[in-house]
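The following paragraphs guide the reader through a protein model, from its cavity and pocket to its sheet and a pair of packed helices. Please keep the sequence and the structure in view while reading.

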Amino acid sequence: MNHLVALPHHLCYLNGEYLPLNEARVSVLDRGFIFGDGIYEVVPVYGGKPFRWAHHHARMARSLQEVRIPHADDAATWAARIDHLVNAHAAHTGQRVGNIEQLIYIQITRGVAPRDHVIDPQLSPTVFAMVNTMKPPSAEQREHGVSCVSAHDFRWEKGHIKSISLLSAILARDISHQAHAVETVMFRNGHLTEASSSNVWVVKNGSVMAAPKDNLVLEGIRYGLLEELCAQEGLSYELRPIRRSEVFDADELLLTSATKEVLPITHLDGQAIGHGAQAGRPGPIYQRLYQAYQKVKQ
Ligand code: PMP
């Protein structure tokens, strides 16, 4: 069967060229394909503008530096590229760019070379970007919250790099998928790390907390954003090691990511989160952070 027929054909960017997505090609010897040797970024676009782009570009630069891939296109060069793709995608879907929410995916691999684990610093990276329509959480999920399951965090110890080697994240996500749940909340040595593709927040006594920004978690762009929104809302914000028992005893639990924005976890391993009449329902801090988030998006 020829799968290409069904692939989208709006414009993407590959190594200096714009071309239809279904025609873009990379070599089978690309180290991204052979080793998962590369990094990526996912950026939300509201009203045609990438949201917190400077933060995403800075994280991309950090990932590149960590894995020693030389790629120096600056934030302005990338912003122009993104603008082109975002407008082409909107035109392709027949919608006005101001009326849709989109998602940019950027991937940079170490490049094409004969298969060898050794890093050759002379290689030219493979640089790719595409735009898709954002698929936000449903109204039902926003109203009732979502169920998650917990698991041991079996991923590697360089979780701070936004690596395209995502097999461990995919296997982690499959644990919750098999259980008909939305995310897998992970613990390492009895402490909360994050979920398979989201950060996890514990709300207790009006304080909003998450795991420290170390090598065991990806620092979501929403780490900084939630810090700002908490300051605006007069909520205390704290990053510290969080024990498993504190997660299950939370007043509220939240997920954050580019697509989920901020989303309430109302059940974990089948247990209702929260206390009293509030148990198993999205809480007041979620509502405040969600509203504040919607304001800063505009
Ligand atoms: N942790 C992991 C492991 C992720 O993959 C993601 C999303 N890519 C996040 C956290 C959330 O990051 P962001 O808020 O930048 O989407």
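Strands, as the term is used here, are DSSP runs of type E with at least two residues, and they are numbered from the N terminus. The model under discussion is predicted.

The interior may be considered first. The structure contains one cavity of 30 Å³ or more, and the largest cavity encloses about 40 Å³ of space. Its lining is formed by Asp251, Glu252, Leu253, Pro264, Ile265, Thr266, Ile273, Gly274, Gln278, Arg281, Pro282 and Gly283. Two strands, S13 (252-257) and S14 (261-268), each contribute at least two residues to this lining; S14 gives the most, with three residues. Sorted by class, the lining of the largest cavity comprises five nonpolar, four polar and three charged residues.

The largest pocket has a volume of about 990 Å³. It is lined by 41 residues, of which Tyr40, Ser196, Ser197, Ser198 and Ser257 are the closest to its centre. Two or more lining residues come from each of S3, helix H2 (53-67), helix H5 (167-178), strand S9 (191-195), H6 and S13. H5 supplies the largest share, four residues. In this lining, 16 residues are nonpolar, 15 polar and 10 charged. Strand S13 thus appears in the linings of both the largest cavity and the largest pocket.

Strand S3 leads on to the sheet. Six strands form an open sheet with antiparallel pairing, in the order S2-S1-S6-S5-S3-S4. Strands S2 (17-20) and S4 (49-50) stand at the edges with a single partner strand each, so one side of each lacks a neighbour in the sheet. S3, which spans residues 38-46, pairs with S4 in the antiparallel sense over two bridges. Within this pair, Tyr46 lies opposite Lys49 of S4. Helix H3 (residues 75-93) packs on the sheet and touches S1 (11-14), S2, S3, S4, S5 (101-109) and S6 (126-133), and its direction makes about 40° with that of S6.

Helix H6, already met at the pocket, also takes part in a helix pair. Two packed helices are described by the angle between their axes and the distance between the axes. H6 (residues 221-233) and H8 (residues 284-297) pack at an angle of about 105°, with their axes 10 Å apart. Because angles of 65 to 115 degrees count as roughly perpendicular, H6 is roughly perpendicular to H8. On the H6 side, the contact involves Arg222, Leu225, Leu226, Leu229, Cys230, Gln232 and Glu233, which meet Arg288, Leu289, Ala292, Tyr293 and Val296 of H8. The residues of this contact divide into eight nonpolar, one polar and three charged.

Terms used
Residues numbered from 1 in each chain as written. Predicted model: local features only at pLDDT ≥ 70, side-chain atom pairs only at ≥ 80, totals over all residues. Heavy atoms only, no water. Pairing = 2+ DSSP bridges. Contact = heavy atoms within 4.5 Å. Axes fitted to C-alpha atoms, helices over the stretch in contact; angles between N-to-C directions. 1 Å grid on protein atoms, 1.4 Å probe; cavity = no way out; pocket = protein on both sides within 12 Å on 5 of 7 lines; lining within 4 Å. Points joined across faces, edges and corners; volume = space filled by probe spheres on them. Nonpolar A, V, L, I, M, F, W, Y, C, P; charged D, E, K, R; others polar. Parallel < 35°, antiparallel > 145°, perpendicular 65-115°, else oblique.
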